Amino acid sequence: QAGELGQQTGHAVYVVGGFVRDLLLKHPNFDVDLVVEGDGVAYAAELARIYGGRYKSHPKFKTAVVILPDGQRVDVATARLEYYEYPAALPTVELSSIKMDLYRRDFTVNALALHLSPERFGDLVDFFGAQRDIKDRVLRVLHSLSFVEDPTRIVRAIRFSERFGFRIGGQTDRLIKNAVRHSFFHKLSGSRVMHELRLIFEEKTPLSCLRRMQDYKLLAAIHPLLALTPSKEAVLLEVENVINWYRLLYIEPQPQVWMLYFLGLCTGLDPEQFAIIARRLNFSKRQAAEMVALRQQIRDTAQGIFNWEYHKGPPSELYFLLEPMPLEGALYLMARNPREPLQKYVSLHLTTLRHKRVEVTGNDLKALGVEAGPRYADILRRVVGAAIDGLAVCRAEQLE
Ligand code: CTP
């Protein structure tokens, strides 16, 4: 229907990019990107109207996003010839607008399109040998200025090659090394670098991506303090283990994994060094303060747990030490202390203690005639503590 709509308005419509790549690779992908050879915004408005969805346009870029009634997003872009200005070094060739649109993209495998127009529905449009590259499992840029245009593509190259198990093509590899040698990364804003790092941290195998970045000296190119060291690698490996362990528990909510990897990458940095990284990555004052506070809370909680173990405190004390800690902090604490009893205590908290519920509420206290006020919180806290200490396991040494 999307294609028919294009036909009615006299425009060819294509689905492009990651969706087509993943279709050929048999990877699930629900992000639909459409390119219209015509007025993409008008097309999006019509699409939204027919399906009873909403749309939001960015007239400046001639793009729009349609949100269908089931929540599915469809991005719509306009392919126009005059839109693109190319560096003089590139050969000027007369290209159709879809070809020009695809040529602007990062890698051959991302420069595929599928016709949606009824008369050519399902025809694959492959101008740059993407099918051959998919068959050969190789990631290649479309032209030699790709990384000059956008250095974040270097990180994308590593991300995609690790995700799909593709090697990076010879010429592309040389272009990456050249880009690093010429410090392309210095010009990149902190927010863009952080965005790419977050995407890496959200991949299935962030550590192998980080190792590849290290091989290309990319982490140090972002900032020398971010370079991998053996101790960072050891912590990041444990971060991976802890995340996998937690996932298998199927407990909601799931942690923001990027935060754990980011903490791991900043292992060993003192507060001043951490502030330098936060500035380089363009953290807002608030974000930076929150991260600094979390790092401090992790250190303090670790110390608290060692003390608790030393004086053989009751489980409720462990609960109250860990309860204010965000999930990411608790998991990081486990990753940071893999061979210590501390790891076991934190896991006990996450799997058991923190789920303890008591039936007593403020209303019960009211019914008992306790005067409302700050005492309520204190009493309820003590009830929780008592309930926890009433568990079969009640002393530190019994947890072992
Ligand atoms: N793109 C690009 N250069 C970038 C970012 C994106 O050329 N720096 C292009 C790519 O061709 C990509 C498309 O824009 O196919 C959409 O970008 P994105 O949604 O990030 O790509 P996906 O391939 O869908 O990535 P993912 O599978 O991680 O969602």
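These exercises, each with a worked solution, walk through one predicted model.

Residues are numbered from 1 along each chain as its sequence is written. In this predicted model, local features need pLDDT of at least 70, side-chain atom pairs count only at pLDDT 80 or more, totals for chains, interfaces and linings use all residues, and side-chain values use heavy atoms, with hydrogens and water left out.

**Exercise 1. The ligand shell**

Task: Find which residues come nearest to the ligand, and describe the shell by class and by helix.

Solution.
- Step 1. Set the cut-off. A residue is near the ligand if one of its heavy atoms lies within 4 Å of it.
- Step 2. List the neighbours. There are 13 residues around the ligand, and Arg21, Asp106, Asp150, Arg156 and Arg163 come nearest.
- Step 3. Sort by class. Ala, Val, Leu, Ile, Met, Phe, Trp, Tyr, Cys and Pro count as nonpolar, Asp, Glu, Lys and Arg as charged, and the others, Gly among them, as polar. The shell then has eight charged, four polar and one nonpolar residue.
- Step 4. Place the shell on the helices. Helices are DSSP runs (H or I, at least four residues), strands are E runs of at least two, and both are numbered from the N terminus. Helices α2 (18-25) and α7 (152-164) each supply at least two shell residues. With six residues, α7 gives the most.

**Exercise 2. Polar contacts with the ligand**

Task: Find how far oxygen atoms of the ligand lie from polar atoms of Arg21, Asp106 and Arg163.

Solution.
- Step 1. Recall the rule. A polar contact is a pair of N or O atoms within 3.5 Å; within protein, one must be able to donate a hydrogen and the other to accept it, and residues adjacent in sequence count only if both atoms are side-chain atoms.
- Step 2. Take the side chains. A polar atom in the side chain of Arg21 is 2.7 Å from a ligand oxygen. For Arg163, a side-chain N or O atom is 2.7 Å from an oxygen of the ligand.
- Step 3. Take the backbone. A polar backbone atom of Asp106 is 2.8 Å from a ligand oxygen.
- Step 4. Check the cover. The ligand alone exposes 570 Å², and the protein buries 73% of that. Such areas come from the Shrake-Rupley method with a 1.4 Å probe; for residues, only the protein chains shown count as cover.

**Exercise 3. Cysteines**

Task: Find how many disulfides the structure has, and say whether Cys209 and Cys266 are buried or exposed.

Solution.
- Step 1. Know the bond. A disulfide is a covalent bond between the sulfur atoms of two cysteines. The test used is a pair of cysteine sulfur atoms within 2.5 Å.
- Step 2. Count. The whole structure holds zero disulfides.
- Step 3. Look at the distance. Cys209 is in no disulfide, and its nearest cysteine sulfur, that of Cys266, is 17 Å away.
- Step 4. Check burial. Buried means under 20% relative accessible area, exposed over 50%, and partly exposed in between (1.4 Å probe, protein chains only). Cys209 is buried at 1%. Cys266 is buried at 0%.

**Exercise 4. Aromatic pairs**

Task: Count the aromatic pairs, then describe Phe164 with Phe166 and Phe262 with Phe283.

Solution.
- Step 1. Set the rule. Rings of Phe, Tyr and Trp (its six-membered ring) pair if their centres lie within 6.5 Å; planes under 30 degrees apart are stacked, over 60 edge-to-face, and the rest tilted.
- Step 2. Count. The search finds 11 aromatic pairs.
- Step 3. Take Phe164 and Phe166. Their pair is tilted, at 5.8 Å centre to centre and 50 degrees between planes. Both residues are buried. Together with Phe107 and Phe160, they form one aromatic cluster.
- Step 4. Take Phe262 and Phe283. The centres are 5.5 Å apart and the planes at 40 degrees, so this pair is tilted. Phe262 lies in α13 (residues 257-265) and Phe283 in the loop between α14 (271-280) and α15 (285-310), so the pair ties together parts 21 residues apart in sequence.
- Step 5. Check α13. Nine of its nine residues are buried.

**Exercise 5. Unusual backbone**

Task: Find where the cis peptide bond lies, and where Arg137 and Asn282 are placed.

Solution.
- Step 1. Know the background. Most residues other than glycine have a negative phi, and most peptide bonds are trans.
- Step 2. Find the cis bond. It joins Glu252 and Pro253, with omega about -10 degrees. Pro253 is in the loop between α12 (230-247) and α13.
- Step 3. Take Arg137. Its phi is positive, near 55 degrees. Arg137 sits in the loop between α5 (130-136) and β8 (138-139). Arg137 is partly exposed, at 40% relative accessibility.
- Step 4. Take Asn282. Its phi is positive, near 60 degrees. Asn282 sits in the loop between α14 and α15. At 45% relative accessibility, Asn282 is partly exposed.
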